[in-house]
Amino acid sequence: MNKAGRMEDRGKSFTPDSDQLRAIEAGIDQPLAIAAGPGTGKTQTMTQRFLALARHFAPEEILALTFTNKAAEEMSRRLEKEGLDPQRLWVSTFHALAARLLRESPFNLGLDVNFRILEENQQELLLRQCIRLFVNSRFSELRDLRERFHLNLRSLIAEFPRVIRRIKLHLLTPEEFRKLSVDKARQFRQTDPSHSEEETELELTLIELLADAYASYQEELLRQNALDFADLLLQLYHLLRDEDYRHRCRKRFQYILVDEFQDTNPAQFLLLELLAQPGMTNVSVVGDCHQSIYGFRDAEVTNLTERFPRSLEVHLTHNYRSFQPILDLSRHLMLPAVKPHPRRLKAQLGKGGEPTLGIFDASSTEDEAEFIARKIRELLGQPLQTSNKRFQRTEGEPINYGDFAILLRKMRNGEKVRIYQDVLARYDIPFQTIGGGGFLHAQEVADVINFLRVVDNPLDSLSLAAVLKSPCFWISDRELYQLRQAADLHLYAGSPLFLALLETEGWLASLEPETRKKISDFSQLLRRMIEVKHEISLSALVSRVMEEGGYLQLVKSGDSLSDRIKLANLQRLYRFAQDFEESGLFTSLSAFLQYIATLVEHNLDEPPTEIPLEEEVVTIMTIHQAKGLEFPVVFLSDFTSDSLRRFRYRPLYFSPEWGLLVNTGPARKRFHKYRSIEDPRVKEAEEEVRIKYVAMTRAQELLIITTSDASGEEFQRLKDYCQQESGPSSLLKMPEEAGVPPVSAKDDRGSPLTPQEVSQLKERLNALASLQSEGEQGKAPAHPLEESPCRVRIGFSQLNIFRHCPVKYQYLHQLKVPTLEYREEYPLVIEEGWEAPGLSPTRFGTLIHKTLFEFHRQYPLKKGMDKVKLMRNIFRQLAVNERLSTSQLNRILKERGEVLFTSYAAHPYSEISPLFLEQEFNLKLTLSPSSEITVNGFIDRVHRQNGEWFLVDYKTTPKLTPQLKEDYRFQMGIYLLACRHGCLGEELRRAEPLRVEVFLLPQGRPVEIDLSEEELPLIEQTIREMVKRIEDGDFRLTAAHSRRDCLRCGYGGEEGFCPHKRV
C-alpha cells in the first residue's frame, strides 16, 4: 500500500504525493487554487506550502487566514514544530486580523483606542433592542404603512436584524445601502413598465425605514464605543480603501494563504482583493466547494467556484482517511444534485474489509437509537482496520468507545437528542454530546435558569412547575397534581402555583407528610431568594441559587463523565453571569433572563462544555461540529431530517446586484425575477446535500446510515446503491442483545388516579358546576392563553373543542383535568374481527394526509410509476411507527387504504402539483385595542386549475352528514380568512375566484363548501366571541351544545365523572 502522505505517519518525515507536491511547490507569481477533497491532507499541504513560501519570504511577511480560531492555533502549532517562531507569524481568522490592524491604527477612522468588540450574542441582543426602540419611535408611520399596503408588519420587522447583518457583510454603510437600493428599485421601474408606482413606493419606503434602523444601530455602537464582528471587517475595508495604507499592507504581507475558502463571505473576499496584489497573483487558497456548509452564515461558495482567478488549479485526489466504498457512496450522493460533480477520490487505504457500509431502516427514532447502541456493543473489541489518532491507536488494536461517532443534522430538538442519550445510558455506554443547543440547553443549566425566572416573576407557573419537578426537589407528577388540586380547592381554579405556596398554613396538612416537607422547604428557599434579589449582585444571586438550591451538591455527589460535565456547566453559568455584569450593557436579573431567551430563540447559544476526557466515550454531535474530524465508525442518524420541508421564502432579501427585495404586499415582481435567477430554495437544497456529504466522509472504516423515515428518494437511492455494490449484507437488521431491558413504551396518559382521587375530583367538578349554575353564571376565574395578556394564541382544534363543548375545553386546556381512563376519541377504524386494536380515525387520517403530502413531493420525480402503488408504498413506510402487525397493516390497506388511493389516483387532482401542501398559517385578529388573537392551523393543499384557485381539505369521512358539513364550513371559513388576511401571501389574498372544497377520499370527489366572502366577518366575530368567553372564564353550556357527544368524550361515558355529561 502506498504510504506517501499518510496522516498518521507524518511529521518531519512527511512525504507528499504527486498532487500535494504540485500544490506545495507551485510558483509564487500567479493565483493558486488547491481543491482539497475530504481526507486528502489539506492542513498538512497548507503547512508545507507555508514552509515552501518561507524560502522566498520572511515568515512574518506571509499572512495565513483560517476559518476558525481552532484552525489558526493548529496551524501555528504545526509551524512551531517545524522550527518557526510563533511570535513572528501572522496566522489568524479574518476577524482577528481586522481587530489587530484596527488596534494599530484606530485614529485613522475616528475610533477610540479602547474600543470593545461585542460577542456574537451581545451584538444580537443590542441590535434587536435598537430595532425595538426604532419601531416605537416610528410606530405611527409603520401603522399607516401596514394599513395602506395590507402588510404583515411583525414578520417584516422580524427580518430587519438579518437583513442589516447581510448589508454589513457586503461592507455598505447605511447611506451606501440607501443609495444602492433606491437606484436599483428605480432602474427596474424604468426597464419594466408593468412594475406599478405602488410597488416602487412600497419598496422605497421600506428601504428608507431599513436604512434608518441600520443607522440607529450604528449610532448606538458608536455611543458605547463598541464594534460588532461585521464592523471589524467594515472598518478595515474603509482603512484599506486609503491608497497609502493599502500599499503599506501589501508591502507588509508579501504572500497570502487562505484556508477553507469555500466558507468565506462577501466581505472577506473584498478584503482579500484589497490586501492582495492586483489579480491576486500572490494568493493561494485551499478549499472544497463540495464541503461548503455555512450558507446560514452568508458563506458564498461562488467565492471559490467563480470569483477567484483560475491561473493554476491543483486537485488533491488521494484520500488517506476512508475506505473506497465510503468515498464512492459519498460521491454517488452528490452526482445528481450538485454541480460541478466531485472528482473520484482514490482511497490509499484500499477497499477495506467487510462491511464498510450499512443501511438500517428503523421504525422510529427510538428504534434508531436502540440499533446504534446494540451495534456499538456488537463492534466493541473487534480489531481496528484503520487507526484512531485522537487516542493513538493503530490498526489491529481493539475497537473502543472513542472510535464511534453519532452524527445528527440538528440538535435543536432536545427531546430527540435525549432519546439517543437515554438509550446509550441504559446500555452503560459512556458518551459526550457536542453541538446543538449549547450549554444553555444542558438540563442542569436550564433548571437553574428556571429557578431564576421564578425569582424574577413568581407568577410564572410553567417555570415553577419545571423547578419543582427538577432533580433537586423531585416533586413527582402525582404530588404536583395534589398541589394543583389543593390550590384550586383553597383558592380558585387555575390559580398561580406561587399563590398556593404562600397559602401553606391552611391546607398543607391535607398533603402527604413527605410532600408537605418538600413543598415547605422549597417555599422558604424561594422566599429567601426573592427577598435578596435586589440586595446582591446578579452573579452572587446565581451562586446562592446553585448552592442553597442543592444544584452544586447534586452534581458533586458523583464522579462520572456526566457529573463532571454538569459541574463544569454550572461553574460556566456563574462565569456567564459575571461576564454579563462586566459587559456594562445590562445589569438586572430581568435583562439577564431576556438576554438568555434571545440567545436561545435565535440559536446563538454558546458551544457545549468540553472537558479533558479521562476515558473513551461515544461522541454525539452535529454534522457541522464534526467538520474536520474523523472517526473509525460513523453512524449518520436521522438521515431524512430535511429542513427543506419547512422552507419558506422570507419577506425581505438583500443582494448588491438587486438592492433590497420585497416579497410581501404588492411589491413582489422584482423578487420573483430575482428568484428565477438566484432561487434561495435551490441554494439551500444543494447545501443540504453537501452537509450529508461532509457527514459521510468523516467515516474511516465503517459508515452506517439510519433513518426512521425511509420514504425519501435520496435515502432509497443510497439504499439501492449499497445493495448493488455491497450486496444484501449492507441492509442491516437489529442486532440481538441479551441482558438489557427493552425500551418501555411511553405512557402519555400519566399515572392512573386512585379511587380516592377520582372521588375528590368528582366532588370538585360537581362543586364547580353548582357554582356556575347558581351565582357565577358559568364564569370561572379568567386565565391567560399565553404569557402575555395582550397576545392570545389558540389552535383551530382548541376552537373546535370549545365550539362543541366549552366544558370539555375547560377540563382539557384550563383545569388540566386527567381522564378517568384512556379512551380512543373515536371508535376503531375496523372494530370487529380484530385480535389487536386497529387505528383510530384520527391516526388513520393523519397517516393518509402524510401519505398524500409525500405522494405529491415524490410523484413529479416518478411520473412513470403507478400512482396507487406509490401511495401504498409510502403508507407502509409511514405506518411502521404504529407498531402494527403485517396482517393488521394488510387489512387496513385492503379494506380502507386501497379504496382511498384508487379513488384519489383516478381524480385529476392527483396529477396537479399543489402550490401549497400542509401549509401552516398564523391568522392574527384584533380582540380589543390592546389585545390580539393568533389562530394557528394547517391547510392541506392549494392549487390552481384553469385560472381558478382551489383551497382543499382532505377528508377520510365516508359520508357528509349535515353536522359534518356545518363543522367543515366553520373550518374552511377560518382557512379562507387566513388566505384573505395574507397568511399565505399576497397572491392568495387577492386570488379571484378562490373556491373552497373538501375532498371526500372514499368517494374520490371534491365537494364545494357553500361559503361566501360575506360570511367571513361573521366567522371572524364568532372567533372573537369564543376567545373572549375563554378569557373571561365563561364555559357555560347552551342550547347549541345539546347534541354534544359525551359517550366518546374522555370525561363522559357511563363511568365518566363530568357532572354535565349526557347519558
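The side chains of Lys42 and Glu260 form a salt bridge, with N and O 3.5 Å apart. Here a salt bridge is a side-chain nitrogen of Lys or Arg within 4 Å of a carboxyl oxygen of Asp or Glu. Lys42 sits in helix 2 (residues 42–53) and Glu260 in the loop between strand 6 (255–258) and helix 12 (266–275), so the contact ties together parts that are 218 residues apart in sequence. Helices (H or I, at least four residues) and strands (E, at least two) are DSSP runs, numbered from the N terminus. Both partners, Lys42 and Glu260, are buried. Buried means under 20% relative accessible area, exposed over 50%, and partly exposed in between, with a 1.4 Å probe and protein chains only.

The model is predicted: local features need pLDDT of at least 70, side-chain atom pairs count only at pLDDT 80 or more, and totals for chains, interfaces and linings use all residues. Residues are numbered from 1 along each chain as its sequence is written, and side-chain values use heavy atoms, leaving out hydrogens and water.

## Salt bridges

The salt-bridge count comes to 58. Three of the pairs are set out here.

| Pair | N to O distance | Citation |
|---|---|---|
| Lys42 and Glu260 | 3.5 Å | salt bridge |
| Glu74 and Arg78 | 2.8 Å | salt bridge |
| Arg670 and Glu203 | 3.1 Å | salt bridge |

Glu74 and Arg78 share helix 3 (residues 69–81). They are 4 residues apart, about one turn of the helix. Glu74 is partly exposed, with a relative accessible area of 24%. Arg78 is also partly exposed, at 24% relative accessibility.

Arg670 and Glu203 make another bridge, with the closest N and O atoms 3.1 Å apart. Arg670 belongs to helix 28 (residues 669–677) and Glu203 to helix 9 (residues 197–223), so this pair ties together parts that are 467 residues apart in sequence. Both Arg670 and Glu203 are buried. Beyond single pairs, salt bridges with shared partners join Arg138, Glu141, Glu175, Arg178, Glu208 and Asp212 into one network.

## Surface charge

Which residues gather in a patch of negative charge on the surface? They are Glu119, Glu120, Asp579 and Glu582. Patches are made of residues with over 30% relative accessible area and no salt bridge; like charges are joined within 9 Å, and nonpolar side chains (Val, Leu, Ile, Met, Phe, Trp, Tyr) within 5 Å. Lys and Arg count as positive, Asp and Glu as negative; His and the chain ends are not counted. The place of a charge is taken as NZ of Lys, CZ of Arg, CG of Asp or CD of Glu. Areas come from the Shrake-Rupley method with a 1.4 Å probe, and for residues only the protein chains shown count as cover. Within the patch, Glu120 lies in helix 5 (residues 120–137). Glu120 is partly exposed, with a relative accessible area of 42%.

## Cysteines

The disulfide count is 0. A disulfide is a pair of cysteine sulfur atoms within 2.5 Å. Why does Cys983 lack a bond to Cys979? The closest cysteine sulfur to that of Cys983 is in Cys979, 7.9 Å away, too far for a bond. Cys983 is buried, with a relative accessible area of 17%. Cys472 is partly exposed, at 21% relative accessibility.

## Backbone geometry

Most residues other than glycine have a negative phi, and most peptide bonds are trans. The peptide bond from Glu992 to Pro993 is cis, with omega near -10°. Pro993 lies in the loop between helix 38 (986–990) and strand 23 (994–1000).

Asn225 has a positive phi, near 55°. This residue is in the loop between helix 9 and strand 5 (226–227). Asn225 is partly exposed, at 25% relative accessibility. Glu260, the salt-bridge partner of Lys42, also has a positive phi, near 50°. Its relative accessible area is 15%, and Glu260 is buried.

## Contacts across the sequence

Phe253 is in the loop between helix 11 (243–252) and strand 6. Phe253 is buried, with a relative accessible area of 0%. The C-alpha atoms of Phe253 and Glu61 are separated by 4.6 Å, although these residues are 192 apart along the chain.

Gly845 belongs to helix 34 (residues 841–858). Gly845 is buried, at 10% relative accessibility. Between the C-alpha atoms of Gly845 and Thr957 the separation is 9.0 Å, with their positions 112 residues apart along the chain.
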